[in-house]
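This report describes how side chains pair up in one protein model. Salt bridges come first, then aromatic rings, then one helix face.

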Amino acid sequence: MSAIPMFPLGSVHFPYTPLALRVFEPRYLTMIGQLLDEDDPEFGVVLIERGHEVGGGDRRSTVGTMARLVSVAAGAEVLQTVSVGAGRFTVDQWQDDEPYPRAEVTPLPGLVWNDALTPLRIEAEAIVRRTLSRAPEEARWDADTELSDDPLAAAWQLAAMAPLGEYDRYTLLRSTTVGALLREVIDLTLEAEILWSAE
């Protein structure tokens, strides 16, 4: 498989969720410019586990999410982009970072929804919304954020909304079933809620 463009970030990106980026580094400006020539522009997003986004020398996670580019707005030396998370992948091998990061990847099977999980999804949503309503002000999602009518998409959106650290969010991204994803969302969110209550 040919290498795909990659955008390592200091945060986890989930399927079915939006990703807004302010692109200013020359290598990523080049990447976005080339993607705009494609019919279905996509790039991979992985979490930087250690190091920095700028300048290289970082350690990158092995599971990531494809981001489908949906809009680009040009500013002064900056591009404002919005993408939506698609399928997940594992990184097989990184290529040279010039002219921008690229990697060979293998798509991961999509998770499969089962209606028997509906009570678990409802419980996860209630816990995430309750915790968000009490979360510190820097929480990135609003407790009233609307979820997709697609239950699988909603499960991933709850994972994105849960007010967790990036290590916990990466644990969610690596889930192998929807049931495991929802149970982890519940457990990790309750743990976070307890920690805030103790402060």
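A salt bridge is counted where a side-chain nitrogen of Lys or Arg lies within 4 Å of a carboxyl oxygen of Asp or Glu. The model discussed here is predicted.

**Salt bridges**

Under this cut-off, the side chains of Glu42 and Arg68 form a salt bridge, with N and O 2.7 Å apart. Glu42 belongs to strand 3 (residues 42-50) and Arg68 to strand 4 (residues 59-74), so this contact ties together parts that are 26 residues apart in sequence. Arg68 is partly exposed, at 34% relative accessibility.

The model has six salt bridges by this rule. Three of them are listed below, including the one just described.

| Salt bridge | Closest N to O distance |
|---|---|
| Glu42 and Arg68 | 2.7 Å |
| Glu125 and Arg129 | 2.9 Å |
| Arg27 and Glu25 | 3.2 Å |

What is the accessibility of the two partners in the bridge between Arg27 and Glu25? Arg27 has a relative accessible area of 14%, and Glu25 has one of 15%. Buried means under 20%, so Arg27 counts as buried, and so does Glu25.

The bridge between Glu125 and Arg129 sits inside a single element. Both residues lie in helix 2 (residues 118-134), and they are four residues apart, about one turn of the helix. Glu125 is buried, with a relative accessibility of 19%. Elsewhere, salt bridges with shared partners join Asp40, Glu42 and Arg68 into one network.

**Aromatic rings**

A pair of aromatic rings is described by the distance of the centres and the angle of the planes. Three aromatic pairs are counted in this model. In one of them, Phe7 and Tyr28, the ring centres are 4.0 Å apart and the planes meet at 10 degrees. Planes under 30 degrees apart count as stacked, so Phe7 and Tyr28 are a stacked pair. Phe7 is in strand 1 (residues 4-9), while Tyr28 is in helix 1 (residues 26-35), so the pair ties together parts that are 21 residues apart in sequence. Phe7 is buried at a relative accessible area of 7%, and Tyr28 is buried at 2% relative accessibility.

Another pair consists of Phe14 and Trp156, whose ring centres are 6.0 Å apart and whose planes are at 35 degrees, so this pair is tilted. Which parts of the chain does the pair of Phe14 and Trp156 link? Phe14 is in the loop between strand 1 and strand 2 (18-23), and Trp156 is in helix 3 (residues 151-161); the two are 142 residues apart, and the pair links distant parts of the chain. Phe14 is buried at 1% relative accessibility, and Trp156 is buried at 3%.

Ring pairs also link Phe7, Tyr28 and Phe43 into a cluster. One further contact involves a charge and a ring: Arg60 lies over the face of Trp94, 4.3 Å from the ring centre.

**Helix 4**

Which residues of helix 4 (residues 166-173) are buried? They are Glu166, Arg169, Tyr170, Leu172 and Leu173. Viewed down the axis of helix 4, these buried residues fall within an arc of 155 degrees, so they line one face of the helix.

How values were computed: Residues are numbered from 1 along each chain as its sequence is written. This is a predicted model: local features need pLDDT of at least 70, side-chain atom pairs count only at pLDDT 80 or more; totals for chains, interfaces and linings use all residues. Side-chain values use heavy atoms; hydrogens and water are left out. Buried means under 20% relative accessible area, exposed over 50%, partly exposed in between (1.4 Å probe, protein chains only). Rings of Phe, Tyr and Trp (its six-membered ring) pair if their centres lie within 6.5 Å; planes under 30 degrees apart count as stacked, over 60 as edge-to-face and the rest as tilted. A charge sits over a ring if NZ of Lys or CZ of Arg is within 6 Å of the ring centre and within 35 degrees of the ring normal. The arc is that of the directions from the helix axis to the C-beta atoms.
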